[in-house]
Amino acid sequence: MRHKNINHVVHEWLAEIIKPNDIIVDATCGQGYDTKFCLEHHAHVLSFDIQKQALLWAQQLIGEHPHVRFIHDSHEFIDHYIPYFDGIIFNLGYLPNSNKSIITHPKSTLKAFEIAYKLLPQHGWLCVTFYQGHEGGLSETLQGIEWIKQHFVIIKEYTYEGVNRAPIAMLCKKNDTVD
Ligand SMILES: C[S@@+](CC[C@H](N)C(=O)[O-])C[C@H]1O[C@@H](n2cnc3c(N)ncnc32)[C@H](O)[C@@H]1O
């Protein structure tokens with residue numbers, strides 16, 4: 001069975017949900033494709049990565065743009081940089097074509113989810129792609145989904161049905177009935 005590329009599906013969701021001038025956090029900048037997509041949809045973006053190389057590639061991809069700020073720091077510290085945002089994107093795992101041992105970790109990912117929950121407004125959204133193929137990826141996926149189900153409502157979900165350890169993408173809205 002031919003599956004639609006998961007990144008394309010996520011971008012279709014984002015195209016529907018992003019409004020002009022929204023403030024979006026790209027919690028895992030990587031090569032900058034998600035950041036670029038948000039900018040093309042007239043959002044303002046804060047883009048985080050712990051790897052300088054990722055931010056350099058993203059800057060090369062995007063060029064000078066007045067609505068983006070690249071931040072060389074972990075997404076656990078988003079609240080040090082911004083008090084409010086409309087939506088947040090996580091594309092977990094490792095930077096393609098780079099050191100595959102530098103990956104996202106459940107502890108910092110869950111901390112960033114918690115900050116997102118606090119700083120997002122009522123209409124706020126969280127978009128996450130989990131990868132299970134690399135070491136620790138399955139644990140991060142299980143812990144992340146468990147946490148999301150307690151705090152957010154999943155409005156869209158996509159995976160490669162029938163494929164073992166396929167990535168899982170989710171678009172979620174805040175569940176304001178939780179504390
Ligand atoms: C799968 S890539 C992201 C792909 C990217 N969104 C794109 O469009 O190209 C995951 C990125 O997360 C970064 N990362 C890992 N841990 C991080 C953390 N704690 N805070 C911010 N970025 C992190 C990695 O350095 C890597 O570049």
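Biologist: In which hand does H4 pass H5?
Modeller: This is a predicted model. The two helices are H4, residues 106–119, and H5, residues 137–151. H4 passes H5 in a crossing that is right-handed.

Biologist: Are H4 and H5 roughly parallel or roughly antiparallel to each other?
Modeller: Their axes come within 10 Å. They cross at roughly 20 degrees. Angles under 35 degrees count as roughly parallel. H4 and H5 are therefore roughly parallel.

Biologist: Which residues in H5 do the H4 residues meet?
Modeller: H4 brings Pro106, Thr109, Leu110, Phe113 and Tyr117 to the contact. Their partners in H5 are Ser139, Glu140, Gln143, Gly144, Trp147 and His151.

Biologist: What is the order of the 7 strands in the open sheet?
Modeller: The pairing in this sheet is mixed. S3 and S6 (152–159) stand at the edges, each with a single partner strand, so one side of each has no neighbour in the sheet. Neighbouring strands are turned by 15 degrees against each other on average, direction ignored. The order is S3-S2-S1-S4-S5-S7-S6.

Biologist: In which sense do S2 and S3 pair?
Modeller: S2 covers residues 44–48, and 4 bridges join S2 to S3. Val45 has Val68 as its bridge partner in S3. Ser47 has Phe70. The sense is parallel.

Biologist: Which helix joins S2 and S3 in a β-α-β unit?
Modeller: The unit is right-handed. Its helix spans residues 52–62. That helix is H3.

Biologist: Which side chains of S3 are buried?
Modeller: In a regular strand the side chains alternate between the two faces of the sheet. S3, residues 68–71, shows this alternation. Arg69 and Ile71 point to one face and are not buried. On the other face, the buried ones are Val68 and Phe70.

Biologist: Is Asn21 buried or exposed?
Modeller: Asn21 sits in the loop between H1 (6–17) and S1 (23–26). Its phi is near 70 degrees, a positive value in a residue other than glycine. Asn21 has 10 C-beta neighbours inside 10 Å, and 12 or fewer is the cut-off, so it counts as exposed.

Biologist: What is the phi of Asn97 near?
Modeller: Asn97 lies in the loop between S4 (87–91) and H4. With 9 other C-beta atoms within 10 Å, Asn97 is exposed. Most residues other than glycine have a negative phi. The phi of Asn97 is positive, near 60 degrees.

Terms used
Residues are numbered from 1 along each chain as its sequence is written. This is a predicted model: local features need pLDDT of at least 70, side-chain atom pairs count only at pLDDT 80 or more; totals for chains, interfaces and linings use all residues. A residue is buried if 20 or more other C-beta atoms lie within 10 Å of its own, exposed if 12 or fewer, and partly exposed in between; C-beta atoms are placed from the backbone. Helices (H or I, at least four residues) and strands (E, at least two) are DSSP runs, numbered from the N terminus. Two strands pair if DSSP finds at least two bridges between them. A crossover is right-handed if, with the strands pointing away from the viewer, the path from the first strand over the helix to the second runs clockwise. Axes are lines fitted to C-alpha atoms, for helices over the stretch in contact, and angles run from 0 to 180 degrees between N-to-C directions. Angles under 35 degrees count as roughly parallel, over 145 as roughly antiparallel, 65 to 115 as roughly perpendicular and the rest as oblique. A crossing is left-handed if the near helix is turned anticlockwise from the far one by less than a right angle, and right-handed if clockwise. Two residues are in contact if their C-beta atoms, placed from the backbone, lie within 7 Å.
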